[in-house]
Amino acid sequence: MIIAVDGPAASGKGTIARALARHFGLPHLDTGLLYRAAALRLLRTGGNPASEEQAVAACDMTGIDFADPELKSEAAGGVASRISAYPAVRAALVERQRRFAEQPGGAVLDGRDIGTVIAPNADAKLFVTASPEVRARRRFDELERLGMPLPFADVLADIEARDARDRNRPTAPLAQAEDAYLLDTSSLGVEGAIAEAIAAVTAATATAAGR
Ligand SMILES: Nc1ncnc2c1ncn2[C@@H]1O[C@H](COP(=O)(O)OP(=O)(O)OP(=O)(O)O)[C@@H](O)[C@H]1O
Ligand SMILES: Nc1ccn([C@@H]2O[C@H](COP(=O)(O)O)[C@@H](O)[C@H]2O)c(=O)n1
């Protein structure tokens, strides 16, 4: 079973994807980490995010520590959102994601284009969202917990800028797949959001099995 979870920044899609993976006993890939890893490599090597060629070179994932807390920084997220608009960057990372999705037994992947580009034939698709203010509050709290605090106004402005870039890029923009279940977590806590996600995936797979 392949489960695709998409949505904008800090909507809670990673939290939901991890919970779905635990519940259904599937491996999970946070695809945003791939773009963040490329961005961090570019930043650390003094590369220029305005250069598509340099951004593609940074997509070599050899030796990347996916547990590096710097991957979660706003700096890495901001550059990731810029370089993810380059078609050649997306092309460099697509095969790794498709291989993960198509492994025997299935997988859960979360990102921006999983249900539309990476795994359009996924068995269940969720589009997780929340208002920009709610998402900014969650990110603000998360950055404080991680010891990387920023003013709330800066976090909200960053969320809005990232939404605009992710939704408006010509290649693989952030969009709800036609057959995705819309899960608005604005007024849901973590447990409520996870319960609704499990119910939606169970319903989607039961419907597919009955066809
Ligand atoms: N329903 C919820 N209610 C309150 N807090 C939540 C909820 N879902 C997630 N969070 C918290 O919000 C923060 C962002 O969640 P998460 O990392 O799951 O979002 P995301 O969409 O995967 O973010 P991104 O893709 O931008 O990294 C985390 O600190 C998480 O614990
Ligand atoms: N499938 C994806 C996943 C991520 N991106 C871009 O990476 C940025 C960081 O992602 P997070 O999920 O960790 O916030 C994000 O803003 C996207 O621009 C993507 O394009 N496709």
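Which residues of helix 4 are buried? The views below take that up along with a few other spots. This is a predicted model, so local features need pLDDT of at least 70 and side-chain atom pairs count only at pLDDT 80 or more, while totals for chains, interfaces and linings use all residues. Residues are numbered from 1 along each chain as its sequence is written, and chains are lettered from A and ligands numbered from 1 in the order in which they are written.

**View 1. Helix 4 and its packing partners.** In helix 4, the buried residues are Ala76, Gly77, Val79, Ala80, Ser81 and Ile83. Buried here says that 20 or more other C-beta atoms lie within 10 Å of the residue's own; exposed is 12 or fewer, partly exposed is in between, and C-beta atoms are placed from the backbone. Helices (H or I, at least four residues) and strands (E, at least two) are DSSP runs, numbered from the N terminus. The buried residues of helix 4 pack against helix 2 (32-44), helix 3 (52-57), helix 5 (87-101) and helix 8. For contacts, the C-beta atoms of two residues, placed from the backbone, have to lie within 7 Å.

**View 2. Helix 8, with buried residues along one face.** Helix 8 covers residues 152-168, 17 in number, and reaches 24 Å from its first C-alpha to its last, close to the 24 Å expected at 1.5 Å a residue. That expected span is 1.5 Å times one less than the number of residues. Val155, Ile159, Arg162 and Asp166 are its buried residues. Looking down the axis of helix 8, these fall within an arc of 70 degrees, so they line one face of the helix; the arc is that of the directions from the helix axis to the C-beta atoms. An α-helix has 3.6 residues a turn, so residues three or four places apart point the same way. Flip to the other side of helix 8 and you find Ala153, Ala164 and Asn168 exposed. The buried residues of helix 8 pack against helix 4 (74-83) and helix 7 (132-145).

**View 3. Strand 1 and the two strands paired with it.** All five residues of strand 1 (residues 2-6) are buried. Ile2, Ala4 and Asp6 point one way, with Ile3 and Val5 pointing the other way. Strand 1 pairs with strand 3 (residues 107-111) in the parallel sense over five bridges; pairing takes at least two DSSP bridges between two strands. Val5 has Asp110 as its bridge partner in strand 3. Strand 4 also runs parallel to strand 1, joined by four bridges, and there Ile3 stands opposite Ala124.

**View 4. Asp123, in the loop before strand 4.** Asp123 sits between helix 6 (114-118) and strand 4 (124-129). Asp123 counts as partly exposed because it has 15 C-beta neighbours inside 10 Å. Leaving out residues up to four places away in sequence, Asp123 touches Met1, Ile2, Ile3, Ala204, Thr205 and Ala208.

**View 5. The shell around ligand 1.** There are 16 residues around ligand 1, and Ala9, Gly12, Gly14, Thr15 and Arg138 come nearest. To be near, a residue needs its C-beta atom, placed from the backbone, within 6 Å of the molecule or strand. Helix 1 (13-24), helix 7 and helix 9 (190-210) each give two or more residues to this shell.
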